[in-house]
Amino acid sequence: MTIREIVVLPNDILRRKAHKVTDFGPELQTLIDDMIETMRAAPGVGLAAPQVNVSQRVIVVEFGDEEDEEIPPKLYVVVNPETKRPSRETSLGMEGCLSIPDLLGDVDRPESVTVRGFNRRGHPIKIKASGWLARIFQHEIDHLNGVLFIDRAEKIFTLEEQEDSVKLKTVV
Ligand code: NI
């Protein structure tokens, strides 16, 4: 596995709609392994393929239980992900992005969503997510459509204005 370079704004790949994955062969497997390692090294709780300069619809998310820190973080790999059934209820939360260093923003998003897509072997999967997990999935899937949190943020802050604990939880 290799830690890949994370591209940052104004790199144009972050603004493009990524291509649908059709080949679940070795190249995809290497990409996914590298994305997991790159996300962990950053560190971040999610990463989308365009952030490592690959215009493919692949995301990785690793996030633990919000209420119980004893439960180890769970790793999700979703290929060609789509959000379904967004809740009418929304919540405001602070987000950061590995591709936009130094900025954080308050973003209003549906409180829960269902994520449908495929696992790394091409089998269909469905994940019901709420709270921060739902937020992370929505942020990552936005990346595949060239959308960044700064497009949705109601308010944008600089990193210096926030405490360390906030920084770590929200960088995706
Ligand atoms: Ni991001």
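Mentor: Quick term before we start: a residue is buried under 20% relative accessible area, exposed over 50% and partly exposed in between, with a 1.4 Å probe and protein chains only. What we have here is a predicted model, where local features need pLDDT of at least 70, side-chain atom pairs count only at pLDDT 80 or more, and totals for chains, interfaces and linings use all residues. Residues are numbered from 1 along each chain as its sequence is written, and side-chain values use heavy atoms, with hydrogens and water left out.

Trainee: Okay, how many residues of H2 are buried?

Mentor: Helices here are DSSP runs of H or I with at least four residues, strands are E runs of at least two, and both are numbered from the N terminus. H2 covers residues 131-144. The rest of the structure largely encloses this helix, because its buried residues number 13 of the 14.

Trainee: In what order do the strands of the five-stranded open sheet come?

Mentor: Two strands count as paired if DSSP finds at least two bridges between them. The pairing in this sheet is antiparallel, and the order is S1-S2-S3-S6-S7.

Trainee: Which strands stand at the edges there?

Mentor: Look for strands with a single partner, so that one side has no neighbour in the sheet. That picks out S1 (46-48) and S7 (124-130).

Trainee: By what angle are neighbouring strands of this sheet turned against each other on average?

Mentor: Axes are lines fitted to C-alpha atoms, for helices over the stretch in contact, and angles run from 0 to 180 degrees between N-to-C directions. For this average, direction is ignored, and the value is 40°.

Trainee: Which strands does H1 touch as it packs on the sheet?

Mentor: Contact means heavy atoms within 4.5 Å. H1 spans residues 26-41 and makes about 35° with the direction of S2. Its buried residues include Leu-28, Leu-31 and Ile-32, and the elements covering such residues include S1, S2 and S3. So we come back to the strands H1 touches in that sheet: S1, S2 and S3.

Trainee: And at what angle to S2 does H2 run?

Mentor: H2 lies across S1, S2, S3, S6 and S7. Against S2, the helix runs at about 160°.

Trainee: Which residue in S6 stands opposite Val-79?

Mentor: S3 (residues 74-84) and S6 (residues 112-118) run antiparallel and are joined by four bridges. Opposite Val-79 in S6 is Phe-118.

Trainee: Is Asn-80 buried or exposed?

Mentor: Asn-80 belongs to strand S3. Beyond four places away in sequence, Asn-80 touches residues including Arg-57, Arg-116 and Gly-117. Its relative accessibility is 8%, so Asn-80 counts as buried.

Trainee: How far is the backbone nitrogen of Val-21 from a polar atom of the Asn-80 side chain?

Mentor: A polar contact is a pair of N or O atoms within 3.5 Å; within protein, one must be able to donate a hydrogen and the other to accept it, and residues adjacent in sequence count only if both atoms are side-chain atoms. For Val-21 and Asn-80, the distance is 2.8 Å.

Trainee: Which element gives the most to the largest nonpolar core?

Mentor: A nonpolar core is a set of buried Ala, Val, Leu, Ile, Met, Phe, Trp, Tyr and Cys residues joined through side-chain atoms within 4.5 Å. The largest holds 19 residues, and those touching the most other members include Ile-59, Val-115 and Phe-137. S2, S3, S6, S7 and H2 each supply at least two. Giving seven residues, the top contributor is H2.

Trainee: How many residues has the other core, the one with Leu-31 and Val-77?

Mentor: That core lies apart from the largest one, and Val-21 and Ile-32 are among its members too. The number of residues is 16.

Trainee: Which are the edge strands of the three-stranded sheet?

Mentor: That open sheet is antiparallel, in the order S4-S5-S8. Pairing on one side only are S4 and S8.

Trainee: What does its twist average from one strand to the next, and at what angle to S4 does H2 pack?

Mentor: The twist averages 25°. H2 touches S4 and S5 of this sheet, and its direction makes with that of S4 an angle of about 55°.

Trainee: Which residue in S5 is the bridge partner of Leu-92?

Mentor: S4 (residues 90-97) and S5 (residues 100-110) share eight bridges, and a hairpin of two residues joins them. Leu-92 has as its bridge partner in S5 Asp-108.
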